[in-house]
Amino acid sequence: MAQAMPPSLPLQPEPSQPIEEEKEQLPLKPYADALETKPDKIDVAGQIQPTQFIGKGEAERQRSPPFSQPRHRKSGSLRVNGAAKQSRPQNLVAEDSKDTDGGQLKSSKLTFDKEPKPERTQTELVSGRRAGARWERSRIRFAPLSIPLQRRLQTFMVLAHTLSIALFLTTYFFLCSIPLFWPLLFPYTIYVLLSSAPSSGTLSHRSPLLRSLPIWSLFASYFPARLHRSARLEPTRKYIFGYHPHGIISHGAFAAFATEALGFSQLFPGITNSLTTLDTNFRIPFYRDYALAMGLASVSRESCENILSRGGPNGEGMGRAITIVVGGARESLDALPHTLNLVLKRRRGFVKLAVRAGADLVPVLAFGENDLYDQVTGDTHPFVHRMQMLVKKCMGFTVPLFHARGVFNYDVGLMPYRKPLNVVVGRPVKVVQAKDGKVDDGYVDLIHAEYVRELERIWEEWRDRFDVDPRVELRIAE
């Protein structure tokens, strides 16, 4: 049985440090042996631990000093793109980390502390105007696209009525440009110029069907307009309705007395009313046929006397009535919002007409008629006012420079504003017919004064109900 060998003592390690190699005078190691070995260690239990191999580079770094300052470029001037640029030195900060057991340096971390950047100076920045800013501040308010169909139809009807004369004239001249229609247009034009239908008083062209069409209800509901009566009117009498104020286009008079949209025949049964206008309107081709079908008549003296003396149950005008816009073109120049200036003091013609025909006078006041449009005033534009008066003197009518809203906006255009329009029919002023057609001027003044008093009564009695501005006062002028 082999004898157990005693445990061998640890061998003396081979010198590996450069100082030991010099002392022992050993030759240099080859590259294969350039690994340093550490002697095996014997732990407390008598177990031998394997030798650790450490690379030469690692050993040299362990033998090197813990920190060495790297070499840096000296601060000086560099030339960049032909221009000298001063380089700035940077401060170095070293951060060392050590292991937990031997305090041996493992690694060094270098960080560069940069110099603080100089603060930028704030320069002044000048900007141009922002695109679209004027549209945001624009006073024009455009109508939204989501408008109910009924309101669009209302706008269409008012637009068609406002531009009716222009539309008919355009159609006439367009047909005149086609030679095929000349054989028809030539005799028709002669007939329009010589026709006496507007003043005959027979009302033969009147069409109750056209006056009662539902489209006129759309026209009247645009504002909206309402017709009111203060007293019943006997169908056995004749009447002259005096409409006030004239306004710009007298939309209230057309809705109340030229159509059945406001129920005239229901409020005044047995009375046939004709709205009167200038005789020149019946010389416009195509438009005169439209006006005659709507029951309009000429405002001339001959026309008014014929209407009030012909027709009716007795053939002498019983139950007939005419509506005269008393203020006329002169009053239209004073048609301003929140005002009520009536041209009435010197107007005696309609009173004399009532005395000769034996017709009662019925004052009519339209609340809101002057609020439908704005116009250029004579105070701000005196030259324009003088030209308007000159046109009125030469041609019998004038054209106010008015404006209101548009079809697709609420601020610019020739469409009237949507303001409530209340037409109030007052109590009739009884008139005694003059014998042999002789009119007493004193009696005319008496009837005129009573007529004005009834008009003022309507104003004072109903102004609060229709929310009239308290600053507005009724003023009788001229």
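How many aromatic pairs does the count come to in this structure? The count comes to 21 aromatic pairs, in a model that is predicted.

## Aromatic pairs

One of these pairs joins Phe 219 and Phe 254, whose rings meet edge-to-face, with 5.6 Å from centre to centre and 80° between the planes. This pair links distant parts of the chain, since Phe 219 belongs to helix α9 (residues 215–221) and Phe 254 to helix α10 (residues 251–257), 35 residues apart. Both of these residues, Phe 219 and Phe 254, are buried.

Another pair is formed by Tyr 222 and Phe 223, whose ring centres are 5.2 Å apart and whose planes stand at 90°, so this pair too is classed as edge-to-face, planes over 60 degrees apart being counted that way. Tyr 222 and Phe 223 are both buried. Ring pairs join Tyr 222 and Phe 223 with Trp 216, Phe 219 and Phe 254 into a cluster.

## Nonpolar cores

In soluble globular proteins, nonpolar side chains tend to be buried together. Here the largest nonpolar core has 49 residues, and Phe 219, Leu 227, Phe 241, Tyr 243, Phe 257 and Val 423 are those with the most contacts inside this core. Helix α10 provides the largest share of the core, 5 residues.

Val 423 can serve as an example, for, leaving aside neighbours within four places in sequence, Val 423 is in contact with residues including Leu 227, Tyr 243, Phe 257 and Val 364. The contacts of Val 423 also include Arg 226, His 228 and Gly 252. Apart from the largest core lies another, of 37 residues, with Leu 353, Val 431, Val 444 and Ile 476 among them.

## Helix α15 and the loop after it

Which residues of helix α15 (residues 349–357) are buried? They are Phe 350, Val 351, Leu 353, Ala 354, Val 355 and Ala 357, and what covers the buried residues of α15 includes β10 (239–244), α13 (301–309), β13 (320–325), β15 (360–367) and α17 (441–462). Just after α15, Gly 358 takes a positive phi of about 75°.

Ala 359 lies in the loop between α15 and β15. Is Ala 359 buried or exposed? With a relative accessibility of 0%, Ala 359 counts as buried, because buried means under 20% relative accessible area. The C-alpha atom of Ala 359 is separated by 6.3 Å from that of Ile 240, although these two residues are 119 residues apart along the chain. Not counting residues up to four places away in sequence, Ala 359 touches Lys 238, Tyr 239, Ile 240, Leu 308, Ala 354 and Val 431.

## Thr 323 in strand β13

Strand β13 contains Thr 323, which is buried, with a relative accessible area of 0%. Leaving aside neighbours within four places in sequence, Thr 323 is in contact with Phe 241, Tyr 243 and Phe 257, and also with Asn 273, Ser 274, Leu 275 and Thr 276. Phe 241, Tyr 243 and Phe 257 are among the residues with the most contacts inside the largest nonpolar core.

## The largest pocket

The largest pocket holds about 1500 Å³ of space. Of the 48 residues that line this pocket, His 246, Ile 248, Thr 277, Leu 278 and Asn 281 are the closest to its centre. By kind, the residues of the lining divide into 27 nonpolar, 15 polar and 6 charged.

Methods: Residues numbered from 1 in each chain as written. Predicted model: local features only at pLDDT ≥ 70, side-chain atom pairs only at ≥ 80, totals over all residues. Heavy atoms only, no water. Phe/Tyr/Trp six-rings, centres within 6.5 Å; stacked < 30°, edge-to-face > 60°. Helix = DSSP H or I, 4+ residues; strand = E, 2+ residues; numbered from the N terminus. Buried < 20%, exposed > 50% of the residue type's maximum accessible area, 1.4 Å probe, protein only. Contact = heavy atoms within 4.5 Å. Core = buried A, V, L, I, M, F, W, Y, C linked by side-chain atoms within 4.5 Å. 1 Å grid on protein atoms, 1.4 Å probe; cavity = no way out; pocket = protein on both sides within 12 Å on 5 of 7 lines; lining within 4 Å. Points joined across faces, edges and corners; volume = space filled by probe spheres on them. Nonpolar A, V, L, I, M, F, W, Y, C, P; charged D, E, K, R; others polar.
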